Amino acid sequence: GVASLFALRAGAEVTHLDASKQTLTSAKENQKLSGLENLPMRVIEDDALKFLEREAKRGNKYDAIIMDPPKFGRGPKGEVWKIEEMLPKLLSAVRKVLSDKPLFVILTSYAIDSSSLSLGYALEETMKDFSGITEAGELCVLEKSNNRIIPLANTAVWTQK
């Protein structure tokens, strides 16, 4: 929930969605520990695809979306998630809830066996109707003891021009 807390601190109204009740409990606790408990963050336990489909039917729109789908997982009702199969569906659902002038979309994936380029190409295709730029790369940390860069995740970011 760190990205949600940064968005809250920056003044955004945040909807924090996860299928894991434990993750959501941690997000709310971190919100409180950060002194941000009075800021507007909806915390919802749900399957991301089902939530996005309902939001699209309701006509709800979002200016920015940050996604961190797992490589493999199960939803609160046992739904199976495999990123290789489900990412196109997720991105299609995200596209349907974006406002007419979105600010950014961030897609991060940990422990996948593909290149960040595949995330970048998928996000670029999703956002092709908007005027913006897509960048892809790896999230890394520096191991100071031997000056090595350790890769942690792949990421793709689309931002408006």
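Helices (H or I, at least four residues) and strands (E, at least two) are DSSP runs, numbered from the N terminus. This is a predicted model, in which local features need pLDDT of at least 70 and side-chain atom pairs count only at pLDDT 80 or more, while totals for chains, interfaces and linings use all residues. Residues are numbered from 1 along each chain as its sequence is written, and side-chain values use heavy atoms, with hydrogens and water left out.

**Exercise 1. Place Ser116 and describe its surroundings.**

Step 1. Find the element: Ser116 belongs to helix H5, residues 116–126.

Step 2. Is Ser116 buried or exposed? Buried means under 20% relative accessible area, exposed over 50%, and partly exposed in between (1.4 Å probe, protein chains only). With a relative accessibility of 11%, Ser116 is buried.

Step 3. List the partners. Contact means heavy atoms within 4.5 Å. Setting aside neighbours within four places in sequence, Ser116 is in contact with Ala136, Gly137, Glu138, Asn154 and Thr155.

**Exercise 2. Do the same for Lys101.**

Step 1. Look between helix H4 (83–97) and strand E6 (104–110): Lys101 sits in the loop there.

Step 2. The relative accessible area of Lys101 is 68%, so this residue is exposed.

Step 3. Not counting residues up to four places away in sequence, Lys101 touches Asp63 and Gln160.

Step 4. Now try a distance: Met86 is 15 residues from Lys101 along the chain, and their C-alpha atoms are separated by 25 Å.

**Exercise 3. Work out which way helix H1 faces.**

Step 1. Pick out the buried residues of H1 (residues 2–9): Ser4, Leu5 and Leu8.

Step 2. These residues cover an arc of only 100° around the axis, so they lie on the same side of H1. The arc is that of the directions from the helix axis to the C-beta atoms.

Step 3. Turn to the face away from the buried side, where the exposed residues Val2 and Phe6 are found.

Step 4. What do the buried residues of H1 pack against? Their partners are strand E1 (14–18), helix H2 (21–33) and strand E2 (41–45).

Step 5. Just past H1, check the backbone: Gly11 has a positive phi of about 105°.

**Exercise 4. Step back to the whole chain.**

Step 1. Count the elements: there are five helices and eight strands.

Step 2. The radius of gyration is 16 Å, close to the 15 Å of the globule rule for 161 residues, so the chain is as compact as a globular protein of that length. The radius is taken over C-alpha atoms, and the rule is 2.2 Å times the number of residues to the power 0.38.

Step 3. Finish with burial: 34% of the 161 residues are buried.
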